[in-house]
Amino acid sequence: MNTTFKAMLTCCLAAYSALQVQAADLPIKITKRYLNFPISQAQQRGNMKFSIGGKKEREFKIRLANGEPEYWVFCDMTQYKGKTITISYDGDDAGLSKIYQDDKIAGQDSMYHEKNRPQFHFTTRRGWINDPNGLIFYEGEYHLFYQHNPFEKEWENMSWGHAVSKDMIHWQELPVALHPDDMGTMFSGSAVIDYNNTAGFNKGKTPAMIATYTVDGHGKQVQCMAYSLDKGRTWTKYKGNPLIDSKEKWNSQDTRDPRVFWYAPGKHWVLVLNERDGHSIYNSANLKDWAYQSHTTGFWECPDLFELAVDGDKSKTKWVMYGASNTYMIGSFDGKKFTPESGKHYFSTGSIYAAQTFTNIPESDGRRIQIGWSRLSHPGMPFNGMMLLPTELTLKTTRNGVRLFSTPIRETEQLFEKAGQWTNLKEGAANDQLKAYNNSDRLRIKVTIKLSHATSAGLNLFGQHIIDYDMNYNTLNGVFYSPEDMTSMELSADIYIDRTSVEVFIDNGAYSYSFQRKPDTKNTEGFHFWGTNIDVKNLEVYTVKSVWE
């Protein structure tokens, strides 16, 4: 190729490329609270960047719709009001012209009333959620942080979403708390209140709320911290991050999900960290400098470690360690090392994953309250995933030893109104009583069934097994379960049915499970008890209020 022509061609291509970049840049002076973005799952992801005066403020991946959007997502721009931002996008830029600002979220008028919006479980307004993070109570508010992709209903752009509640039932969603930065994306972690100012971030009499979290980026996962002095509304990331960088030690990228709490007997902080094949314990005096102490194998992701009274006796306690799958060990803890005494056990299965418990619950309350992520989708909705009902965890002595029990917190009772109760029914009569509720979009049912001739029996809803109890193999919906009375033919269940989910608590919380609500569209029988000569000893039906009304 002629050298002069090659130079001219290179110059033209560079000019064309510059024009393309310029065409994908959109300056906007922010005068409204929200930017609304059109999304299509059929579109390839592109990188979007917000800049002010040439300085990058934020960067994320998004599927901008180049035609009719499937749904809309939003970004809260409160902090940028009055400023001009430049939006750069390296994907198909046809969708840039559809971006608009408003004081309303696109679709806000119908929000929480969508066809497949859960009515008494927490879901985010838009986008994807997974692990609960930083569960903490402070000055009358319960804080729920969570893994969040604000810009799509699939996993990406991991950030810390944020919601607050007075009762853990009715939630108010707040702006995203922690955004990805140059170090990487914001993975799971926990939060504490630093009353004694050990980290030095407190301001006057205001103690810092401190989040410790994993950053995933550049081929490794490191532990970082941020602090808030306004009840979690805004956050400042610690300039000395990262706190722990243990990839080299474990020869693994899997070093994540720090769980931090104050260990009063030792007057130090404890950090439980999932590293490679289990949970490691670290200690610190100031939340910044952490020293490795010990390691317990056999767990994966999202550690929790806490002390509970056995049978309500505060003079008799045990420690519980668990991971993301909700399997757990019971043992002792001296502030540096967890020593297992029994396990692994399980108390909840199904859609639950990555559950965490609240810190800073007042001593006058004393409950250990857990919230788990439910790995469920909601067909046709602009959001994905939800949180299961908050439950109180207790330790009780059983014939097999001390075990963990889980029951919905007392605050849930405000949602339910008894619609009917019947005793000592045969299955046919019980089915007749439930006919009126076959098409309810939300319902609570309490039932005790007694098997007679049947080795298996249960309750269906439009062909889907809610209860499938097999006495021959001791399985409950396919999972091994043996009642406290080994020869018992009775099973009690507390069933919570929402638009897209079912949660079931067996025998006063000895075991629970959850799953996607997927009725057989060809089935017409509705609620249906089945089995040979089973007795429905007790049947209670409750209507359920929406938490969004």
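Visitor: Which residue in the turn of the β38 and β39 hairpin has a positive phi?
Guide: In this predicted model, β38 and β39 form a hairpin with four residues between them. Six bridges join the two strands, which run antiparallel. In the turn, a positive phi of about 45° belongs to D507.

Visitor: Which residue of β39 is the bridge partner of F505?
Guide: Strand β38 covers residues 501–506, and β39 covers residues 511–516. The bridge partner of F505 in β39 is S512.

Visitor: Which residue is paired with S512 through the bridge to β24?
Guide: β24, residues 348–350, pairs with β39 in the parallel sense. Three bridges make up that pairing. The bridge partner of S512 here is S348.

Visitor: How many residues of β39 are buried?
Guide: Buried means under 20% relative accessible area. Strand β39 is mostly covered. Its buried residues number six of six.

Visitor: Which residue takes a positive phi in the hairpin of β13 and β14?
Guide: β14 spans residues 220–228 and runs antiparallel to β13, with nine bridges joining them. Two residues lie between the strands. The positive phi, near 60°, is taken by H218.

Visitor: Which residue in β14 is the bridge partner of A211?
Guide: A211 points one way from β13 along with M209, Y213, V215 and G217. The β13 to β14 pairing is antiparallel. In β14, the partner of A211 is A226.

Visitor: Which residue stands opposite V215 in β13?
Guide: β13 also pairs with β12. That pairing is antiparallel, over eight bridges. Opposite V215 stands M186.

Visitor: Are the residues pointing either way from β13 buried or exposed?
Guide: A208, I210, T212, T214 and D216 point one way. M209, A211, Y213, V215 and G217 point the other way. Strand β13 covers residues 208–217, and ten of its ten residues are mostly covered in the sense of the under 20% cut-off. Both sets are buried.

Visitor: Which strands are the edges of the open sheet of five strands?
Guide: The order is β11-β10-β9-β8-β27, with mixed pairing. An edge strand here pairs on one side only. The edges are β11 (171–178) and β27 (383–384).

Visitor: Which residue stands opposite L174 in β11?
Guide: β11 is joined to β10, residues 159–165, by five bridges. The two strands run antiparallel. Opposite L174 stands H162.

Visitor: Which residues lie closest to the centre of the largest pocket?
Guide: The largest pocket has a volume of about 1400 Å³. Its lining counts 39 residues. Closest to the centre are W262, E307, I361, E363 and R368.

Visitor: Which strand supplies the largest share of the lining of the largest pocket?
Guide: Several strands each supply at least two residues of this lining, including β12 (185–194), β16 (255–263) and β20 (304–310). β21 (313–322) and β29 (391–398) are also among them. The largest share, six residues, comes from β20.

Visitor: How many charged residues are in the lining of the largest pocket?
Guide: The lining divides into three groups. There are 20 nonpolar residues and eight polar ones. The charged residues number eleven.

Visitor: Which residues lie nearest the centre of the second largest pocket?
Guide: This pocket holds about 1100 Å³ of space. Among the strands that each supply at least two lining residues are β4, β5, β9, β10 and β11. The lining has 44 residues: 16 nonpolar, 13 polar and 15 charged. Nearest the centre lie R58, V176, L178, H179 and P180.

Visitor: Why does R410 count as exposed?
Guide: R410 lies in the loop between β30 (401–408) and β31 (416–426). Exposed means over 50% relative accessible area. R410 counts as exposed because its relative accessible area is 55%.

Visitor: Which residues is R410 in contact with, leaving aside neighbours within four places in sequence?
Guide: L476 is 66 residues from R410 in sequence and 26 Å away, C-alpha to C-alpha. The contacts of R410, with those neighbours left aside, are D365 and R367.

Visitor: Over which residues is the pLDDT below 50?
Guide: The protein averages a pLDDT of 94, and 96% of the residues score at least 70. One stretch falls below 50. Beyond near neighbours in sequence, this stretch has three contacts in the model. The stretch is residues 1–23.

Technical notes. Residues are numbered from 1 along each chain as its sequence is written. This is a predicted model: local features need pLDDT of at least 70, side-chain atom pairs count only at pLDDT 80 or more; totals for chains, interfaces and linings use all residues. Side-chain values use heavy atoms; hydrogens and water are left out. Two strands pair if DSSP finds at least two bridges between them. On a 1 Å grid over the protein atoms alone, a cavity is a set of points where a 1.4 Å probe fits but cannot get out, and a pocket is an open set with protein on both sides within 12 Å along at least five of seven lines; lining residues have an atom within 4 Å of a point. Grid points are joined across faces, edges and corners, and a volume is the space filled by probe spheres set on the points. Ala, Val, Leu, Ile, Met, Phe, Trp, Tyr, Cys and Pro count as nonpolar, Asp, Glu, Lys and Arg as charged, and the others, Gly among them, as polar. pLDDT is the predictor's confidence in each residue, from 0 to 100. Contact means heavy atoms within 4.5 Å. Buried means under 20% relative accessible area, exposed over 50%, partly exposed in between (1.4 Å probe, protein chains only).
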